[in-house]
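Let's take a walk through this one, contact by contact. Keep the viewer open and follow along as we go.

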Amino acid sequence: MAKLFSPYHIKNVTLKNRVVMSPMCMYSSSNEDGMLTPFHLTHYTSRALGQVGLIITEATAVQPEGRISLQDLGIWSNNHIEGFKQLNNQIHSYGSKSGIQLAHAGRKARLNSTSIYAPSPIPFNDKSKQPTEMTKDDIIKTIKAFKEAARRAREAQFDIIEIHAAHGYLINEFLSPLTNKRSDQYGGEREGRFLFLKEVIEAVKLEWTGPLFVRISTNEYDKSGNTFEDILYFTQQLKSLGVDLIDCSSGGVIETSINTYPGYQLNRCERIKNDTDINTGAVGLITSGLQAEEILQNDRANLVFIGRALLRNPYWAKAAAEELREEIEIPKQYKRGWK
Ligand code: FNR
């Protein structure tokens, strides 16, 4: 059997296969209230019909000021629980599992109407707003917001939580020396820069006992950014905090062009898997079943995250199975008309 279509067990959750829908912002919440719309239900449920093993929702803001745009999804209030519960019912009824990516945009929030926050008051670029340097109180409030979001995710019956610590958003801004110039305990050496993420994880774990993933930027593409040694230090710490899987992405901390090619983030994903002895998810221009199978068979990652290819084709998993000469389920309602 192709490894891509073998089940994957993590804590109390079994994914029917190793195909993961990578979190992707759809900017489709309509009333600036962070609520799901019919679009979200259709969009994610189609990928469940398409036999994706795990569907991770787009970056979902734990505080209103943590949105990238006013159209982002949110989970900052109890009013958000019901919509996600409905979504999860749908996803589960087609045999897929669901994850939520908990996020805070930090200085990359493009919000005109409110103050935006970051570890240090350095704008992302010359077009972006000046962020307010977070006080200890702001830090405590934000950590509590992640904890409350984890409780709501549990109540909404998500199977997995992924913390967004990549792409230059708030948590990544604490981790990176390019964006964290603080002189208190949350800045300085890598131990200090890691403290915010550590406290977020500890707070989330008070509400969440299920599988916990963390997405990080394994490469900042800047010689003054985190080195790969720093990254390995972070992943070792994440392992000792009980994180179950590192989702290995890259970039986004500063504006720079990235040379992308099939599997461009894989090298570091594989090294993290081996050096830290932790499960990893591979992502980035993985577009075919054969490519995904190679990654899994060579133990370069445990799960394969598919982004744009799944936007183009909700039945990507079915196409990948055909490439690998594997039979997989199709929605029972479609069976008579499939061939
Ligand atoms: C993304 N990506 C992304 N990543 C993330 O961690 N949270 C998010 O909300 C988003 N949003 C998003 C929106 C859109 C439209 C795209 C195309 C991408 C990054 C995405 O998850 C993935 O890591 C990259 O797209 C690389 O994988 P692919 O697309 O090459 O398979």
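Start with a side chain reaching for a backbone: a polar atom in the side chain of Ser217 sits 2.9 Å from the backbone nitrogen of His167. This is a predicted model, so take that distance as coming from predicted coordinates. Ser217 belongs to strand S10, which covers residues 212-217. With a relative accessibility of just 4%, Ser217 counts as buried.

Now for the ligand. It has 15 residues around it, and the ones that come nearest are Ser22, Pro23, Gln101, Leu285 and Arg308. Two of the polar contacts go to side chains: an N or O atom of the Ser22 side chain is 2.8 Å from a ligand oxygen, and an N or O atom of the Gln101 side chain is 2.8 Å from a ligand nitrogen. Cys25 takes part through its backbone instead, with a polar backbone atom 2.9 Å from a nitrogen of the ligand. How much of the ligand does the protein bury? Taken alone, the ligand exposes 610 Å², and the protein buries 81% of that.

Next, the rings. Counting ring centres within 6.5 Å of each other as a pair, the model has seven aromatic pairs. One of them is Phe194 with Phe234, which is stacked, with 5.7 Å from centre to centre and 15 degrees between the planes. Phe194 is part of helix H5 (residues 190-207) and Phe234 is part of helix H6 (residues 228-240), so this pair ties together parts that are 40 residues apart in sequence. Both Phe194 and Phe234 are buried.

Tyr261 and Tyr264 make another kind of pair. Their ring centres are 6.3 Å apart and their planes meet at 70 degrees, so this one counts as edge-to-face. Is each ring's residue buried or partly exposed? Tyr261 is partly exposed, because its relative accessibility is 42%, whereas Tyr264 is buried, because its value is 18% and the cut-off for buried is under 20%.

Ring pairs also join up: Phe174, Tyr186 and Phe196 are linked into a cluster this way. If you like cation-pi geometry, have a look at Lys108. Lys108 lies over the face of Phe124, 4.8 Å from the ring centre, and Lys108 also lies over the face of Tyr169, again with 4.8 Å to the ring centre.

A couple of backbone oddities are worth a stop. Most residues other than glycine have a negative phi. Gln51 goes the other way, with a positive phi of about 70 degrees, and so does Gln157, whose phi is near 70 degrees. Where do they sit in the chain? Gln51 is in the loop between helix H1 (38-49) and strand S4 (54-61), and Gln157 is in the loop between helix H3 (136-155) and strand S9 (160-165). As for accessibility, Gln51 is buried at 9%, while Gln157 is partly exposed at 37%.

Finally, zoom out. An unreviewed UniProt entry lists residues 3-326 as "domain: NADH:flavin oxidoreductase/NADH oxidase N-terminal". Across residues 3-326 the chain is 35% helix and 17% strand, and the C-alpha atoms at the two ends are 10 Å apart.

Methods. Residues numbered from 1 in each chain as written. Predicted model: local features only at pLDDT ≥ 70, side-chain atom pairs only at ≥ 80, totals over all residues. Heavy atoms only, no water. Phe/Tyr/Trp six-rings, centres within 6.5 Å; stacked < 30°, edge-to-face > 60°. Helix = DSSP H or I, 4+ residues; strand = E, 2+ residues; numbered from the N terminus. Buried < 20%, exposed > 50% of the residue type's maximum accessible area, 1.4 Å probe, protein only. Lys NZ or Arg CZ within 6 Å of the ring centre and 35° of its normal. Near = heavy atom within 4 Å. Polar contact = N/O pair within 3.5 Å; in protein donor to acceptor, adjacent residues only side chain to side chain. Areas by Shrake-Rupley, 256 points an atom, 1.4 Å probe, with all protein chains shown as cover. UniProt positions renumbered as here; feature names shortened; annotations may be inferred.
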